[in-house]
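Biologist: I am new to this structure and should be grateful for a close look at a single part of it. Please choose one helix, describe what surrounds it, and then follow the chain outward from there.

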Amino acid sequence: MEAGVRVDTSGALCPVPILEIAKAMRRLPPGTLVELVSTDRGLEADLPAWCDATGNELVRMERRGTHYVGWVRKAG
(Lines give C-alpha, C1' and ligand atoms only; values in the text may rest on other atoms or scores of the structure.)
Protein backbone atom coordinates (compact mmCIF):
# COMPACT_ATOMS: atom_id res chain seq x y z
CA MET A 1 0.00 0.00 0.00
CA GLU A 2 1.50 3.33 -1.09
CA ALA A 3 1.38 5.94 1.67
CA GLY A 4 2.05 9.64 1.21
CA VAL A 5 3.80 9.81 4.59
CA ARG A 6 5.53 7.16 6.70
CA VAL A 7 5.85 7.57 10.47
CA ASP A 8 8.26 5.05 12.01
CA THR A 9 8.05 4.83 15.80
CA SER A 10 9.93 1.54 16.15
CA GLY A 11 11.30 1.11 19.66
CA ALA A 12 8.91 3.63 21.22
CA LEU A 13 6.13 2.63 23.58
CA CYS A 14 2.63 3.99 24.16
CA PRO A 15 1.68 6.81 23.87
CA VAL A 16 4.49 7.82 21.47
CA PRO A 17 3.13 6.11 18.29
CA ILE A 18 -0.26 7.82 18.62
CA LEU A 19 1.32 11.16 19.53
CA GLU A 20 3.57 10.96 16.47
CA ILE A 21 0.80 10.10 14.00
CA ALA A 22 -1.36 12.87 15.49
CA LYS A 23 1.50 15.36 15.02
CA ALA A 24 2.06 14.22 11.42
CA MET A 25 -1.67 14.44 10.59
CA ARG A 26 -1.91 18.07 11.72
CA ARG A 27 0.29 19.28 8.86
CA LEU A 28 -1.24 17.11 6.09
CA PRO A 29 -4.12 17.82 3.73
CA PRO A 30 -7.33 15.76 3.99
CA GLY A 31 -7.21 12.45 2.13
CA THR A 32 -3.50 11.84 2.75
CA LEU A 33 -2.63 8.22 3.53
CA VAL A 34 -0.21 7.80 6.43
CA GLU A 35 1.67 4.59 7.23
CA LEU A 36 2.45 4.15 10.94
CA VAL A 37 5.09 1.58 11.91
CA SER A 38 5.53 0.50 15.52
CA THR A 39 7.02 -2.27 17.63
CA ASP A 40 4.48 -1.58 20.40
CA ARG A 41 1.82 -4.29 20.30
CA GLY A 42 -0.59 -1.88 21.96
CA LEU A 43 -0.94 -0.24 18.55
CA GLU A 44 -3.42 -2.96 17.55
CA ALA A 45 -5.90 -1.52 20.06
CA ASP A 46 -4.70 2.09 20.25
CA LEU A 47 -4.76 2.98 16.55
CA PRO A 48 -8.38 1.87 15.88
CA ALA A 49 -9.51 3.69 19.05
CA TRP A 50 -7.68 6.87 18.02
CA CYS A 51 -9.20 6.71 14.53
CA ASP A 52 -12.69 6.32 16.03
CA ALA A 53 -12.08 9.29 18.32
CA THR A 54 -10.67 11.57 15.61
CA GLY A 55 -12.75 10.57 12.57
CA ASN A 56 -9.71 9.50 10.57
CA GLU A 57 -10.14 6.30 8.55
CA LEU A 58 -8.22 3.19 9.55
CA VAL A 59 -7.62 1.67 6.12
CA ARG A 60 -5.66 -1.40 7.20
CA MET A 61 -3.66 -2.95 10.04
CA GLU A 62 -1.16 -5.78 9.76
CA ARG A 63 1.59 -7.45 11.73
CA ARG A 64 5.01 -7.98 10.15
CA GLY A 65 7.07 -10.07 12.52
CA THR A 66 7.80 -7.79 15.49
CA HIS A 67 6.32 -4.73 13.78
CA TYR A 68 2.75 -3.48 13.62
CA VAL A 69 1.78 -1.40 10.61
CA GLY A 70 -1.33 0.70 10.22
CA TRP A 71 -2.51 2.85 7.33
CA VAL A 72 -4.70 5.82 8.17
CA ARG A 73 -6.38 8.25 5.77
CA LYS A 74 -6.79 11.77 7.10
CA ALA A 75 -10.40 12.85 7.40
CA GLY A 76 -11.78 16.03 6.01
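Modeller: Two parts are in contact when their heavy atoms lie within 4.5 Å. Helices (H or I, at least four residues) and strands (E, at least two) are DSSP runs, numbered from the N terminus. The model is predicted, so local features need pLDDT of at least 70 and side-chain atom pairs pLDDT 80 or more, whereas totals for chains, interfaces and linings use all residues. Residues are numbered from 1 along each chain as its sequence is written, and side-chain values use heavy atoms, without hydrogens or water.

The part I have chosen is helix α2, which takes in residues 43-54. At 1.5 Å a residue, counted over one less than the number of residues, its 12 residues should span 16 Å, and the end C-alpha atoms are indeed 16 Å apart. Four of its residues, L43, L47, W50 and C51, are buried (under 20% relative accessible area with a 1.4 Å probe, protein chains only; over 50% is exposed, and in between is partly exposed). Seen down the axis of α2, these buried residues fall within an arc of 100° (taken from the directions of the C-beta atoms), so they line one face of the helix. On the face turned away from that buried side, A45, D52 and A53 are exposed. Just beyond the end of α2, G55 takes a positive phi of about 85°. Most residues other than glycine have a negative phi.

What lies over the buried side of the helix? The cover for the buried residues of α2 includes helix α1 (16-26) and the strands β2 (33-38), β3 (57-64) and β4 (67-73). These three strands belong to an open sheet of four, in the order β1-β2-β4-β3, with mixed pairing (two strands pair if DSSP finds at least two bridges). Its edge strands are β1 (5-8) and β3, each of which pairs on one side only. Neighbouring strands are turned by 15° against each other on average, direction ignored.

Strands of a sheet pair through backbone hydrogen bonds, either parallel or antiparallel. Here β1 and β2 are parallel, joined over four bridges, and V7 has L36 of β2 as its bridge partner. The pairing of β3 with β4 is antiparallel and runs over seven bridges; within it, E57 is bridged to R73 of β4. Between these two strands of the hairpin there are two residues, and G65 takes a positive phi near 65°. β2 and β4 are also paired in the antiparallel sense, over six bridges, with E35 standing opposite W71 of β4.

Helix α1 packs on this sheet, where it touches β1, β2 and β4, and its direction makes about 160° with that of β2 (axes are lines fitted to C-alpha atoms, for helices over the stretch in contact; angles run from 0 to 180 degrees between N-to-C directions). Helix α2 packs on the sheet as well: it touches β2, β3 and β4, and its direction makes about 175° with that of β3.

Strand β2 deserves a further word, as it is one of the strands that α2 touches. Six of the six residues of β2 are buried, so this strand is largely enclosed by the rest of the structure. L33, E35 and V37 point one way from β2, while V34, L36 and S38 point the other way.

The loops on this side of the account may now be added. T32 sits in the loop between α1 and β2 and is buried, at 14% relative accessible area. Apart from neighbours within four places in sequence, T32 is in contact with V5, V72, R73 and K74. T9 lies in the loop between β1 and α1 and is buried too, with a relative accessible area of 5%. With neighbours within four places again left aside, the contacts of T9 are P17, E20, L36, V37 and S38. P15 also has its place in the loop between β1 and α1. The peptide bond that joins C14 and P15 is cis, with omega about 10°, although most peptide bonds are trans.

To return to the chosen helix, one may compare a residue of β1, namely D8. D8 counts as partly exposed, at 44% relative accessibility. From D8 to A45 there are 37 residues in sequence and 18 Å in space, C-alpha to C-alpha. A45 itself is one of the exposed residues on the face of α2 turned away from its buried side.
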